[in-house]
Amino acid sequence: MQKLKDSKIAIIGLGYVGLPLAVEFSRKYSTVGFDINKNRVNELNHGTDSTLEVDDKSLKSALDNGLTLSNDLESITSSNVFIVTVPTPINKDKTPDLKPLDKASEMLGPLLKKGDIVIYESTTYPGCTEEFCVPILESSSNLIYNEDFFCGYSPERINPGDKKNTLTKIVKVTSGSTPKVAQFVNELYQSIIEVGTHLASSMAVAEASKAIE
């Protein structure tokens, strides 16, 4: 597993959660924001965020200072930390629609290298990361979980449209699939969150904290 300073971050999904993360991480690390929506990527590369979560000045500054935004998978092949921020809509029966998580995990699997970390931020149920996402990553990568690659979970806490309680001003819950990875994930988020983080005892506990919220 790489050292914190050597992190090359890929943010998967550039909506109201992923874009602010990409902008903040790009201040300290090599960062690529990836989205399958070409129009969304083009809009952002022209310096405009239609979700209004990131102001045009901050977005343009991040782009000028090295943030890459792309819909080409090739752009994230050298990344070693993948942060998944795809949406999890609710089905008619009030259960989470896991198709976006399924597709994102299946897409990332072939890109994983030994030592890589996949951190999920998407809202899920307790146990989802290890019970649903990890098997997809293993089968599509031919790597072994917690030997070759690792996972983390840090639930998104963005309140769309709230200009006071923004990403860096909300305590972030963090977790990892091993104690060492958990510490890495915690320190990674600590480096951008002004008000600090809370390291949960397990990924399932971190997932439950979002469900309760």
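This is a conversation between a student and a tutor about a predicted model.

Student: Let's start with one residue. Why is Ser 122 called buried or exposed, whichever applies?

Tutor: Ser 122 has a relative accessibility of 3%. The cut-off for buried is under 20%, so Ser 122 counts as buried. Its place is the loop between strand 5 (117-120) and helix 5 (128-141).

Student: Which residues is Ser 122 in contact with, leaving aside its neighbours within four places in sequence?

Tutor: Its contacts are Val 84, Thr 85, Val 86, Thr 88, Leu 101 and Tyr 153. To be listed, a residue needs heavy atoms within 4.5 Å.

Student: And what class does Pro 160 fall into, buried, exposed or partly exposed, and why?

Tutor: Pro 160 has a relative accessible area of 47%. Buried would need under 20% and exposed over 50%, so Pro 160 is partly exposed. This proline sits in the loop between strand 6 and strand 7 (172-174). Beyond four places in sequence, Pro 160 is in contact with Tyr 16 and Glu 53.

Student: How far apart are Pro 160 and Ile 12, in sequence and in space?

Tutor: They are 148 residues apart in sequence, and their C-alpha atoms are 18 Å apart.

Student: Now the sheet. What is the strand order, and how do the strands pair?

Tutor: Six strands form an open sheet in the order 3-2-1-4-5-6, with parallel pairing.

Student: What makes strand 3 (68-70) and strand 6 (150-153) edge strands?

Tutor: Each of them pairs on one side only. As for the twist, neighbouring strands of this sheet are turned by 20° against each other on average, direction ignored.

Student: How do you know that strand 5 and strand 6 pair?

Tutor: Pairing takes at least two bridges, and four bridges join these parallel strands, so by that definition they pair. Ile 117, for example, has Phe 150 in strand 6 as its bridge partner.

Student: What packs on the sheet as helix 4 (residues 99-108), and which strands does this helix touch?

Tutor: Helix 4 touches strand 1, strand 2 (30-34), strand 4 and strand 5, and its direction makes about 165° with that of strand 4.

Student: How many bridges are there between strand 1 and strand 2?

Tutor: Five, in the parallel sense. Ile 11 stands opposite Gly 33 in strand 2.

Student: Why is strand 2 described as largely enclosed by the rest of the structure?

Tutor: Four of its five residues are buried, so the description follows.

Student: Which residues have the most contacts inside the largest nonpolar core?

Tutor: Phe 25 and Ile 83 do, in a core of 32 residues. Among the elements giving two or more residues to this core are strand 1 (8-12), helix 1 (18-26) and strand 4 (81-84). Apart from it lies another core of 30 residues, including Ile 12, Leu 101, Cys 128 and Cys 133.

Student: What does Phe 25 touch, not counting residues up to four places away in sequence?

Tutor: Phe 25 touches Ile 9, Ile 11, Thr 31, Ile 83, Leu 188, Tyr 189 and Ile 192.

Student: Finally, what lines the largest pocket?

Tutor: There are 21 lining residues, and the closest to its centre are Gly 13, Thr 85, Val 86, Pro 87 and Pro 100. Helix 4 supplies the largest share of the lining, four residues. The space in this pocket is about 460 Å³.

Student: And what makes the largest cavity a cavity?

Tutor: A cavity is a space where a 1.4 Å probe fits but cannot get out. The largest cavity holds about 30 Å³ of space, and its lining is Arg 157, Ile 158, Thr 166, Leu 167, Ile 170 and Lys 172.

Definitions and conventions:
Residues are numbered from 1 along each chain as its sequence is written. This is a predicted model: local features need pLDDT of at least 70, side-chain atom pairs count only at pLDDT 80 or more; totals for chains, interfaces and linings use all residues. Side-chain values use heavy atoms; hydrogens and water are left out. Buried means under 20% relative accessible area, exposed over 50%, partly exposed in between (1.4 Å probe, protein chains only). A nonpolar core is a set of buried Ala, Val, Leu, Ile, Met, Phe, Trp, Tyr and Cys residues joined through side-chain atoms within 4.5 Å. Axes are lines fitted to C-alpha atoms, for helices over the stretch in contact, and angles run from 0 to 180 degrees between N-to-C directions. On a 1 Å grid over the protein atoms alone, a cavity is a set of points where a 1.4 Å probe fits but cannot get out, and a pocket is an open set with protein on both sides within 12 Å along at least five of seven lines; lining residues have an atom within 4 Å of a point. Grid points are joined across faces, edges and corners, and a volume is the space filled by probe spheres set on the points.
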